[in-house]
Amino acid sequence: MARSGIDASWELKITLEETGPEADPITLRVTGDIHIGGVILQLVEKMEIKKNWSDHGLWWEQKRCWVLKTNWTLDKYGIQADAKLIFVPQHKAIRLQLPNLKTVKVKACFSSPVFRSIIGICKILNLRHPEELSLLKPLEDPNQKKKRKEKDLEPEEVVDMESFTSPRGIQSQGYFHPNGAHYMRDTPEGEAAYQILAVSQPSVAPELIAKMYRPSSLIDKAQVHSRWLDSSRSLMAQDIKENEKLLIRFKYFNFFDLDPKNDVVRINQLYEQARWAVLLEEIECTEEEMMMFAALQYHINKCSLAGDDEEVHKGSEFDEVEAALSSLEVNLEGSNPNDVLDSITSIPELRDNLKLFRPKKLTLKAYKQYWFVFKEMTISCYRNQEVLGEPIQQLNLKGCEVAPDVNIAAQKFCIKLLIPAPEGMNEVILRCENEDQYAKWMAACRLASKCKTMADSSYSSEVQNIRSFLRLQNASPSSQLTSDTNAEDINTKSLVSFRYQKKYKIKQLTPRILEAYQNVAQLSLTEAKMKFIQAWQSLPEFGLSYFVVRFKGQKKDEVLGIAPNRLIRIDLNVGDMVKMWRFNTMRQWNVNWDIRQVAIEFDENINIAFSCVTADCKIVHEYIGGYIFLSTRGKEHHETLNEELFHKLTGGHEAL
């Protein structure tokens, strides 16, 4: 332990991980001015084992950090004779549970930040935009603890992808391999991996779904988000062991540039994550929506079993050129200059008779009809169409919350608006007469909530998406079911959540699912998956990640919901939204790491501060910074990933 006197050298002991913890460490004689590269060279020479040691690095056990800067000296690192150093591989195997609940075994980097490790993993799995994903530890199901011994006896099916490395031809983070995920299919092992990654899996038996863990409260949902790994630290620093099981999931619900040609795996895994979110009741949906989701699953299962791979990536270059020319022709001929000028200088308006209801006002009347005018981001309400004058009331929808309240069978088409007010959120419900009116007004409300008007180019597509979503839910009974649709070949209870398994018998569910199936039967496999993802995105609770927090000055816990573009304060007991703040009004945020408190400043001198109860404040800080980072992405530079900016926004300890 003590330094030798005359030559100022001292003994440094290093353990080789491969020999096990019980083996004697290798002793080197060093001085403080020797650099790390020299230490490793001396270590390898003394071991006399002929092997490629290039992937190995030094791990400092007491400091829980890697010693990788080979040009730094021992003195610069602060390493002395009592340091416990281990010579370990930087890449090790981990078991990854994919969003489809299947498990693969891959090599992951244990020495770089998790964000960099995710990039490497996603290259192997052929997942573009790795910044949308992350790793989390499995959630212990309290109901399954008693059955753990039985569970351990059942061997888990794991697809081994350890031999897979980032395929040649993939450029940086772009992942544009000539054959997409099909680079894997050259070997039997690769084919097995492709089937797990890119092909939707058969339905699980309803008995197994019933046994799976389902969050029953906001607190349960918040517990899930306490398990995310820190993107700024390495796997080794977070006590992840070789062959440990981790979950890989889409963490940030802001999916950029979904492309059926290059995103075969990404679209399939997104569909699977959405599917399980619905089946395990992680997100609320209505009965009609559940039947639509069931019908889409049934159709996707049929297409997958039939081998409808839809290898869109094999389309010829001629088809792509032809499509580009067609698009150009439409752009050139589709509108005349006067129309373009009018669309720039005038903002479209909506004028209609609608019914209005304020749930929190004490009134015996339900809905009352008024004449409404929607201009820019404001809805003006008049007694009737003939006498306008001053509006009775005006609703400024800038930054509001918009949620659908639709029951097609009952012809109920309502738009629920939560409008920011000084005292909290004012709730207003607008009731439309029919689907067409609802689609136009709902689209306008959604754009206004994002601070956009109907002049925005996305208005028309938003209207079409809403109409399409309604058509999918519109069950049209038909006695002429297609010949290949047999009530016996539909595993009904595997297609709906446990709530509806209990509520209805199979003979009640099957006809309803088959009715909904008629609306989706003509979709291709990829179209069906995309429709499922879009329908998932349309649910009111989509994209919300929950955390139990204690706001500064308050005596009780509340829930903070983090969405792609806003923060929401939620009452823990009743689940009602109390307040909402948008990211685009945020001036700065910082974390007091000593007292573990997050402080955020918004426009108009609004300040909030809270401490986290169910998760480390670093996870909340990373969520906020992560969504800010994702908002900086654009078509012109989506090929490269600005890691430095990500870490600046998510990993810093100073105010931003």
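**Close-up views of a predicted model**

**View 1. Cavities inside the structure.** Welcome to this predicted model, in which four cavities of 30 Å³ or more are found. The largest cavity has a volume of about 80 Å³.

**View 2. The lining of the largest cavity.** Around the largest cavity sit Glu 289, Pro 404, Val 406, Tyr 438, Met 442, Arg 446, Ile 466, Phe 469, Leu 470, Gln 473 and Ser 538. Three elements each give two or more residues to this lining: strand E15 (401-407), helix H12 (435-449) and helix H13 (459-473). Which element gives the most to the lining? That is H13, with four residues. If you like to think in terms of chemistry, the lining divides into seven nonpolar, two polar and two charged residues.

**View 3. An open sheet of five strands.** Here the strand order is E8-E10-E6-E7-E9, with mixed pairing. At the edges lie strand E8 (133-136) and strand E9 (158-160), each of which pairs on one side only. From one strand to the next, the twist averages 45°.

**View 4. Strands E6 and E10, with helix H3.** Let us move in on one pair of this sheet. Strand E6 (residues 91-97) and strand E10 (residues 245-250) run parallel and are joined by three bridges. For a handy place to start, take Leu 96, whose bridge partner in E10 is Leu 246. Helix H3 (residues 114-125) packs on the sheet, where it touches E6, strand E7 (103-109), E8 and E10. The direction of H3 makes about 110° with that of E8.

**View 5. Strand E5 and its surroundings.** Is strand E5 (residues 85-89) largely enclosed or open? Five of its five residues are buried, so strand E5 is largely enclosed by the rest of the structure. In a regular strand, side chains alternate between the two faces of the sheet. In E5, Leu 85, Phe 87 and Pro 89 point one way, while Ile 86 and Val 88 point the other way, and all are buried.

**View 6. The pairing partners of E5.** Strands of a sheet pair through backbone hydrogen bonds, in either a parallel or an antiparallel sense. Strand E1 (residues 10-16) runs parallel to E5, and three bridges join them. Strand E3 (residues 56-60) pairs with E5 in the antiparallel sense, over five bridges. Leu 85 is a good residue to look for here: it is the bridge partner in E5 of Ile 14, and Leu 85 is also the bridge partner of Trp 60.

Conventions: Residues numbered from 1 in each chain as written. Predicted model: local features only at pLDDT ≥ 70, side-chain atom pairs only at ≥ 80, totals over all residues. Heavy atoms only, no water. Pairing = 2+ DSSP bridges. Axes fitted to C-alpha atoms, helices over the stretch in contact; angles between N-to-C directions. Contact = heavy atoms within 4.5 Å. 1 Å grid on protein atoms, 1.4 Å probe; cavity = no way out; pocket = protein on both sides within 12 Å on 5 of 7 lines; lining within 4 Å. Points joined across faces, edges and corners; volume = space filled by probe spheres on them. Nonpolar A, V, L, I, M, F, W, Y, C, P; charged D, E, K, R; others polar. Buried < 20%, exposed > 50% of the residue type's maximum accessible area, 1.4 Å probe, protein only.
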